[in-house]
Amino acid sequence: MASSLTFLPFSFLLLSLISLSHAQNSVRPRALLLPVTKDATTLQYLTHIKQRTPLVPVKLTVDLGGNSLWVDCDSNYVSSSYRSARCGSAQCSLARISGCGECFAAPKPGCNKNTCSLSPYNPIGHISTSGELTQDVITMQSTDGTNSGPLVTLPGFLFACGSPTILERLASGVTGMAGLGRDRIGMPSQFAAAFSFQRKFALCLSSSTISSGAIFFGDGPYVMLPNIDVSKNLIYTPLLINPVSTAGTYSQGEKSVEYFIGVKSIKINEKRLSLNTTLLSINNKGVGGTKISTVRPYTVLETSIYNAVTQAFTKEAVSMGIKRVESVAPFGACFSSNSIVSTRVGPSVPLMDLVLQRESVYWRIFGVNSMVKVSDGVSCLGFVDGGLNPETSIVIGGYQLENNLLQFDIATSRLGFSSSLLFQRTSCANFNFTSTVS
Ligand SMILES: *[C@@H]1O[C@H](CO)[C@@H](O)[C@H](O)[C@H]1NC(C)=O
Ligand SMILES: *[C@@H]1O[C@H](CO)[C@@H](O)[C@H](O)[C@H]1NC(C)=O
């Protein structure tokens, strides 16, 4: 049974597994929508869904590189629709799980006999536990791309169950993580299969801790007030596959489900830095290269890259008449705000370009995404030193993603990015969440 299933096309398999009942939803949605807010204390990006029977709200930290959604099922998980995946079932082969789990305590959500084990991982607390693959009902907001629309229900959404010990260092009230990785049980792939969307999703993080940004599952339009479709005018670069998993726990031969791009060089004020290019590509052990992450608040650079960036940036800044001041941890290059002019795209500081597949294709980082205000008079270059020999040389973090639209196309392995939306006179906080249904 399991082996014959592997010959079916992936989306057909997923569709039948998630056993979506369109009948429950009067119309097939065009796309789905999650609001995302920034937590002021932890700088994590948070979202919420409704799950279980009866439905309860579940607060989650967004993990762009996570393989699936996971929640703490140990504390107060009550649901009549909870179904753990039996060993050897189609659900387990979809999640590529061969291990069979036992539970040595009384059965409960997260601990059942004869279920396939899936260990959820928290990359912020660097911790994982044993857990099981399971299914339950979730509901989400749909969208036409302009407003939020009717709620839709997925009866058999696949996720992992963990225990409260792995909530370490997650924001207050959070009980799990929303994994957006390119795994078949990642949220984008499950939604795409359930609603016959293209396997595309878009991330638009707000810089505000009050106004929400959004994640859209499915294709554009993604319309921000005042009526600007930010899915237009994107620049495209290939998403690269890292042949070795970068997760906390994985089995041999597993590829990374994170999103890597090919940064070939870095320029500051259009001048190319001299970098060790070996660090910029992913080697056969999965080390090196550049990935995008929502669980790092600021971009993390390998030490030699970090030093080259801060030195060149400081030199250019000083030549623009900007005054350097004492550093404020965790940053290494800080400046007097009084010496910096403001523009629509933030402080007028040296421009940074991440040069991609060709010289003419680059991700430009303006002051609003490079400078962090640490006190009234001081702003710092918002990049941190990742030390020598990190697994990934460049991890583009949340602050550098804010008010940029990023569209991940899993099927064609391509990233579309907008650079700062402030240039288009809008922002990620400008989606009109007012529902068109009452
Ligand atoms: C460049 O980086 C690689 C990988 O860390 C290292 O083995 C090599 O020695 C570095 N080359 C130089 C010139 O520093
Ligand atoms: C948001 O959408 C609602 C419903 O379509 C509409 O009535 C309202 O005017 C919109 N808000 C703005 C600021 O355009």
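Six disulfides are found in a search of the whole structure, which is a predicted model. Counted along the chain, the bonded cysteines pair in the pattern 1-8, 2-4, 3-7, 5-6, 9-12, 10-11. Three of these links are described here in turn.

Cysteine 92 is bonded to cysteine 116, with 2.0 Å between the two sulfur atoms. The torsion about this S-S bond is -80°, and the link is left-handed. Cysteine 92 belongs to helix α3, which spans residues 90-94. Its partner, cysteine 116, belongs to strand β7, residues 115-116. The disulfide therefore ties a helix to a strand across 24 residues of sequence. Both ends are buried. Cysteine 92 has a relative accessible area of 1%. For cysteine 116 the value is also 1%. Because buried denotes a relative accessible area under 20%, cysteine 92 falls within the class, and cysteine 116 does too.

A second disulfide connects cysteine 103 with cysteine 111. Here the S to S distance is 1.7 Å. The S-S torsion is about 95°, so this disulfide is right-handed. Cysteine 103 is buried, at a relative accessible area of 2%. Cysteine 111 is buried as well, at 18%. That value lies under the 20% cut-off, which is why cysteine 111 counts as buried.

The third link pairs cysteine 334 and cysteine 380. Their sulfur atoms are 2.1 Å apart. A torsion of 100° about the S-S bond accompanies a right-handed link. The pair joins distant parts of the chain, 46 residues apart. Cysteine 334 lies in strand β24, residues 334-336. Cysteine 380 lies in strand β30, residues 378-381. Both cysteine 334 and cysteine 380 are buried.

Attention now turns to arginine 364. This residue is part of strand β28, which covers residues 362-365. Arginine 364 is buried, with a relative accessible area of 17%. That figure is under 20%, so arginine 364 is classed as buried. Its side chain makes a polar contact of 2.9 Å with the side chain of glutamate 270. Another polar contact, of 2.7 Å, joins the side chains of arginine 364 and aspartate 353. Glu270 and Asp353 also appear in the contact list of arginine 364, once neighbours within four places in sequence are set aside. That list further includes Leu351, Met352 and Ser419.

The surroundings of ligand 2 were examined next. Asn147, Leu225, Asn432 and Thr434 are the residues around ligand 2. By class, this shell holds one nonpolar and three polar residues. No charged residue is present in the shell. Two asparagines place polar side-chain atoms by oxygen atoms of the ligand. For asparagine 147, a polar side-chain atom is 2.9 Å from an oxygen atom of ligand 2. For asparagine 432, the corresponding distance to an oxygen atom of ligand 2 is 2.3 Å. Ligand 2 has 360 Å² of accessible area on its own, and the protein covers 39% of that area.

Definitions and conventions: Residues numbered from 1 in each chain as written. Chains lettered and ligands numbered in written order. Predicted model: local features only at pLDDT ≥ 70, side-chain atom pairs only at ≥ 80, totals over all residues. Heavy atoms only, no water. Near = heavy atom within 4 Å. Polar contact = N/O pair within 3.5 Å; in protein donor to acceptor, adjacent residues only side chain to side chain. Areas by Shrake-Rupley, 256 points an atom, 1.4 Å probe, with all protein chains shown as cover. Nonpolar A, V, L, I, M, F, W, Y, C, P; charged D, E, K, R; others polar. Disulfide = S-S within 2.5 Å. Helix = DSSP H or I, 4+ residues; strand = E, 2+ residues; numbered from the N terminus. Buried < 20%, exposed > 50% of the residue type's maximum accessible area, 1.4 Å probe, protein only. Contact = heavy atoms within 4.5 Å.
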